[in-house]
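Got your viewer open? Here is a short walk along the place where two chains meet.

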Amino acid sequence: MKRRSMLIAVVVGVVAVALIALFVTSDMESDPLATDTNRIVGRTAPAISATDTEGRPFEVEDYRGRWLLVNFFATWCTPCIAEHPELVAFSDAHAKSGDASVVSVAYNDTPEKVVQFFAERGGDWAVIADDRSDFSIEYAVVGLPESYLVDPEGTVVHKFVGGVRKAEIEREMARNR
Amino acid sequence: MTAGQRRVGWAAMLVAVVVLVLLGARTPPTSGTSDDRLYALAGQMKCLQCAGESVAGSQADIAVKMREEIRSQMREGRSDDEILSFFADRYGQRVLLNPSSEGVASLVWIVPVVAAGLGVVGLGLAFAAWRRQRGDAASEGATDEDQALVAAALRGSPDV
C-alpha cells in the first residue's frame, strides 16, 4: 500500500513538474509587438497588385533584380513621420544606381491625406493608398511602421519593426547579399 | 433513503449531465457568412496589438482588419480550418488561442484526459480495495460465540 502511494505521488509529481515546465517555457506572457510573430521572412514576397497614387500600376514582381523595401505606414502614425526622412535618404542614395527602391503602403488611411503627406515630406517612390485593397494581412503586419526588405530574387529577407533607419537597411542588404 | 429513491436520484443526475453536455456541445455554424460564424472564428484568434483580447472582442486596427479578412474568406467559401490556417501561416501559431494539437503543445490536450482517466481508474481501484477490506473485516469479526449470541437473541432466549 505504501509503495502504491509512493508510485501515485511520483506520477502526480512528474505530471505537475511537466506542466509547470510547459507553462514557464511557453511564450504566452511575452509582448507580441516586441516578439516577431511574422512568418513572411524567408518566403517569396506576397504580391501587391495595385495602382499607386500617380495612377501607375504597381507589382512587386516588377522589382525582381533590385532590392525593394515594402514600407507600411500611416499619415496619422507619429513613428512613421519620424522615419520618413530616413526612407527619403535611402531612396535618394540608391536613385542613381537604381539597385534599390521603396514602396510605401498606406494602412487605414485616405488617398488624399497620403498624397498630401508625400507632397509635404518628399519621397519619390511608388505609394499605394488604395483603400479598397489591404495588403497588411498578407504581410502579417502587427503595428506601424513596419518594413520588409525584399532581395533581388523576390524573397523577404528581413522585417523592420518600428521606425527604420537608412544604415539598418544598408546593413541588412549587405548581410543578405 | 430507499433503493428506489436512490435510483431515481441517480437517473435525475444522469439526465441533468446529458442535458448540460448537449448544451455545451452546441457549436456555432461552420459554413455560411453569418456573424455567429465570423465571431466564433475571430474568438479563436488572438489580437496581437492587445493584451488578453481576442480578435472578436477588440476594436484595435489589426483586429478590425482581421475580421474583415475573415468575412472576405467566408464569402469565398473557405472552411474554418482553412481560414485559421491562413492566419497561422502568416502570423504563426501564436495567433491561435486554441493550442495546437501537434508537437509538444499537444500535451495541453493529452495530459488532462490522461490525468482524468488515471483518476477514474485510481478511484475504482481504491473503492474496490476498501470494499474488499470491509468484507474481510466483517467475515473475520464474527466469531462462533458471536453468532450463537445472535441466534439466541433472534429466538428470544431468556439467556440474552
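Buried area here is the accessible area (1.4 Å probe) that two parts lose on being put together, summed over both. By that yardstick, chain B and chain A bury about 2,100 Å² between them, with 55% of it on carbon and sulfur atoms.

Before you click further: this is a predicted model, where local features need pLDDT of at least 70, side-chain atom pairs count only at pLDDT 80 or more, and totals for chains, interfaces and linings use all residues. Residues are numbered from 1 along each chain as its sequence is written, chains are lettered from A and ligands numbered from 1 in the order in which they are written, and side-chain values use heavy atoms, leaving out hydrogens and water.

Select the contact next (heavy atoms within 4.5 Å): you should pick up 21 residues from chain B and 25 residues from chain A.

Now show B:Arg90 and A:Glu138, whose side chains meet in a salt bridge at 3.2 Å, N to O. The term means a side-chain nitrogen of Lys or Arg within 4 Å of a carboxyl oxygen of Asp or Glu, and there are 2 salt bridges between chain B and chain A.

Stay on the side of chain B that touches chain A and colour by class: 12 nonpolar, 3 polar and 6 charged residues. Ala, Val, Leu, Ile, Met, Phe, Trp, Tyr, Cys and Pro count as nonpolar, Asp, Glu, Lys and Arg as charged, and the others, Gly among them, as polar.

Last stop, B:Phe87: leaving aside neighbours within four places in sequence, its contacts include A:Ile137, B:Met45 and B:Val95.
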